[in-house]
Amino acid sequence: MKKLHIIGNWKMSLNRKDSLSLAKNICSINFNDHLNLEVAPTSLYISEIINILKDSNVNVISQNFDFESLGSFTGGICLDQMKELGVNKTILGHSERRSKFNESDEQINNKLKTILNSDFDVVYCFDSPEQIPFELIKNNLNDNSDLKLTIAYEPTWAIGTGKTASIEHIEEIHTKVKSNLKEIMLENIPILYGGSVNPTNSNEILNTNNVDGVLVGGASTKFDQLTGIVNSI
Ligand code: PEP
């Protein structure tokens, strides 16, 4: 049985009380070694969430990072600060960072280069395969671990809209990216799908060829829906 990944991106959707309460509930979800379950809370509460989930198998990751090291960057967060809290993985290039924070492909690629050369793992999000910097990845991914880099296909029009891509479309994009990864000998990199995943569509998506998991926004902030997705495997 192949390993599947479910990553919950809580965005800025929950206040402190609801974030902590969701994390406490998540401790009770049972799942086996074939599932890698991770949550990405807002960085403001990340320490508290890590503390709540410390005895569980759920990994806590960041939604974004700005720089590698400390510096004069008002409002920013860096990898070295996250490391102090025990965080070792982050999402990068989410479509909301691109559209609402105006992060360009160039900025995101620079951050990708930084993180591939660090001891952090990264979930790189893309909207169309042309965006993926395969050459940069090939030249900077020196780590043999399969989870150093995860790629997530997130069609912008499907994020938070309730509109999910068709299974045929997901399979077509994932198969294309998988074959591009094969060309650079990196076919083991997991490719996740994200875009209005919920307990009703998750089983079919997770059973699609070349889909190694799901990146879930809205549904991951509701305990019954997150549990439903985990149980749909
Ligand atoms: C996301 O934020 O990455 C996402 C896929 O959101 P949603 O599941 O709400 O569409």
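## Close-up views of the pockets, the ligand and the cavity

**View 1. The second largest pocket of this predicted model encloses about 200 Å³ of space.** Its lining is made up of 18 residues, and those nearest the centre of the second largest pocket are Gly-160, Ser-196, Val-197, Gly-217 and Gly-218. When the residues of this lining are sorted by class, 11 are polar, 5 are nonpolar and 2 are charged. The space described here is also the space taken by the ligand, which is the subject of the next two views.

**View 2. The ligand is surrounded by 14 residues.** The closest of these residues are Lys-11, Glu-154, Gly-160, Ser-196 and Gly-217. In terms of class, the shell around the ligand consists of 8 polar, 4 nonpolar and 2 charged residues. Gly-160, Ser-196 and Gly-217, listed here among the closest residues, are also listed among the residues nearest the centre of the second largest pocket.

**View 3. Oxygen atoms of the ligand lie at short listed distances from His-94, Gly-160 and Ser-196.** In the case of His-94, an N or O atom of the side chain is 2.9 Å from a ligand oxygen atom. For Gly-160, by contrast, the atom concerned is a polar backbone atom, which is 2.6 Å from an oxygen atom of the ligand, and for Ser-196 a backbone N or O atom lies 2.7 Å from a ligand oxygen atom. The ligand taken alone exposes 290 Å², and the protein buries 96% of that area.

**View 4. The largest pocket holds about 540 Å³ of space.** Among the 19 residues that line the largest pocket, Lys-11, Met-12, Gln-63, Arg-97 and Phe-101 lie nearest its centre. Helix H4 contributes the most to this lining, giving 3 residues. The lining of the largest pocket divides by class into 10 polar, 5 charged and 4 nonpolar residues. Lys-11, named here as one of the residues nearest the centre of the largest pocket, is also named as one of the residues closest to the ligand.

**View 5. The structure contains 1 cavity of 30 Å³ or more.** The space in the largest cavity amounts to about 30 Å³, and the residues that line it are Gly-93, Ser-95, Arg-98, Cys-125, Phe-126, Asp-127, Glu-154 and Thr-156. Helix H4 (95-100) and strand E5 (121-126) are the elements that each give two or more residues to this lining. By class, the lining of the largest cavity comprises 3 charged, 3 polar and 2 nonpolar residues. Glu-154, which belongs to this lining, is also listed among the residues closest to the ligand.

Conventions: Residues are numbered from 1 along each chain as its sequence is written. This is a predicted model: local features need pLDDT of at least 70, side-chain atom pairs count only at pLDDT 80 or more; totals for chains, interfaces and linings use all residues. Side-chain values use heavy atoms; hydrogens and water are left out. A residue is near a molecule or strand if one of its heavy atoms lies within 4 Å of it. A polar contact is a pair of N or O atoms within 3.5 Å; within protein, one must be able to donate a hydrogen and the other to accept it, and residues adjacent in sequence count only if both atoms are side-chain atoms. Accessible areas come from the Shrake-Rupley method with a 1.4 Å probe; for residues, only the protein chains shown count as cover. On a 1 Å grid over the protein atoms alone, a cavity is a set of points where a 1.4 Å probe fits but cannot get out, and a pocket is an open set with protein on both sides within 12 Å along at least five of seven lines; lining residues have an atom within 4 Å of a point. A molecule sits in a cavity or pocket if more than half of its atoms lie within 2 Å of its grid points. Ala, Val, Leu, Ile, Met, Phe, Trp, Tyr, Cys and Pro count as nonpolar, Asp, Glu, Lys and Arg as charged, and the others, Gly among them, as polar. Grid points are joined across faces, edges and corners, and a volume is the space filled by probe spheres set on the points. Helices (H or I, at least four residues) and strands (E, at least two) are DSSP runs, numbered from the N terminus.
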